[in-house]
Amino acid sequence: MPVALSSPRPALPALSAAVVVAALALSAWSPHDRATWFLETVWVLAGLPLLFLTRRRFPLTDLLYCLLAAHALVLLVGGHYTYAEVPLGDWVRDTFGLERNPYNRFGHLMQGFVPALLVRELLRRTSPLTGSGWLAPLTVCACLAFSAVFEMLEWAAAVIGGEAADAFLATQGDVWDTQWDMFCALIGASLSLLLLSRLHDRRLAALRLSRPTCSGSGPTTAAGTSTAGTTRRHR
């Protein structure tokens, strides 16, 4: 018999979802450019229903739910104003004498920071990498791969849309923008693992993960390994 899943704190996912839905409505209200808004927020539009549909069969840790909500807010603000024209970024640029609005850099930092915990959680729960020295480097590599795919999507948008895609690209005249974006994702993913891995492990343990298994196999532990073989060896 599989061990029942214990859900994360029920208020946190619900509260996070409510905040994101409210922010989505505000973001969609008279954005700077409707096409750019859709391209920037499509991840939120797709992710919200997916998280809702999987909340019972595959609940995530409360830490990850909160981080995903924070990332969604970053995307929604960038989609509403376009990343090059976010007012907070303009204030930071003017206050610190920067050459460009840094909100795009922050967005790509988050593009590594939050997906790193998502990838780590999926690998911890669905692969034999728990406790392996390969877990962290493979997590970072997955985040870099996603960042590279995103840059190729931006390239495709530039080819298809021409100058109309400038708001989506947010290069602000920087010829090295693509490289900077991927570097920011690398820094974000690395920082996420360095700062949050121990806390993430505690939240995974609190979730008391167990996957349903096929007949003849034992229950699965939080580390993602079956206990059936261990039981047989001790008989």
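Let's start at a charge sitting on a ring: arginine 125 lies over the face of phenylalanine 58, at 3.7 Å from the ring centre. There is a second arrangement of this kind, with arginine 55 placed over the face of phenylalanine 52, at 4.0 Å from the ring centre. Keep in mind that this is a predicted model, and that the distances come from its atoms.

Now zoom out to the whole chain. It has nine helices and zero strands, so reading along the sequence simply gives α-α-α-α-α-α-α-α-α. Of the 235 residues, 37% count as buried. The accessible surface comes to about 13,300 Å², and 70% of that belongs to carbon and sulfur atoms. As for how the chain meets itself, take the contacts between residues at least 6 apart in sequence: 72% of them join residues at least 24 apart.

Helix H1 is a good place to look at the packing. It runs over residues 11-28, which makes 18 residues, and it reaches 26 Å from its first C-alpha to its last, close to the 26 Å expected at 1.5 Å a residue. Which residues of H1 are buried? They are Pro13, Ser16, Val20, Ala23, Leu24 and Ser27. These residues cover an arc of only 110° around the axis, which is why they end up on the same side of H1. The general background is helix geometry: an α-helix has 3.6 residues a turn, so residues three or four places apart point the same way. What do the buried residues of H1 pack against? Their partners are helix H2 (34-53) and helix H3 (62-81). Turn to the other side of H1 and you find Ala11, Leu15 and Leu26, which are exposed. Just after H1, serine 30 takes a positive phi of about 50°.

Next, the aromatic rings. The count comes to five aromatic pairs. One of them joins tryptophan 43 and phenylalanine 146, edge-to-face, at 5.5 Å centre to centre with 75° between the planes. Tryptophan 43 lies in helix H2 and phenylalanine 146 in helix H6 (residues 135-161), so this pair ties together parts that are 103 residues apart in sequence. Are these two rings tucked away? Tryptophan 43 has 36% relative accessibility and therefore counts as partly exposed; phenylalanine 146, with a relative accessible area of 33%, is partly exposed too. Ring pairs also bring in Phe150, linking Trp43, Phe146 and Phe150 into a cluster.

Another edge-to-face pair is formed by tryptophan 180 and phenylalanine 183, at 6.0 Å centre to centre and 80° between the planes. Here both partners lie in helix H8, three residues apart, about one turn of the helix. Tryptophan 180 counts as partly exposed because its relative accessibility is 42%, and phenylalanine 183 is partly exposed at a relative accessible area of 41%.

Stay in helix H8 (residues 177-207) for the last stop, serine 192. Is serine 192 buried or exposed? Its relative accessibility is 0%, so serine 192 counts as buried. Leaving aside its neighbours within four places in sequence, serine 192 is in contact with Phe113, Ala116, Leu117 and Ser197.

Notes:
Residues numbered from 1 in each chain as written. Predicted model: local features only at pLDDT ≥ 70, side-chain atom pairs only at ≥ 80, totals over all residues. Heavy atoms only, no water. Helix = DSSP H or I, 4+ residues; strand = E, 2+ residues; numbered from the N terminus. Expected span 1.5 Å × (residues − 1). Buried < 20%, exposed > 50% of the residue type's maximum accessible area, 1.4 Å probe, protein only. Arc of directions from axis to C-beta. Contact = heavy atoms within 4.5 Å. Areas by Shrake-Rupley, 256 points an atom, 1.4 Å probe, with all protein chains shown as cover. Phe/Tyr/Trp six-rings, centres within 6.5 Å; stacked < 30°, edge-to-face > 60°. Lys NZ or Arg CZ within 6 Å of the ring centre and 35° of its normal.
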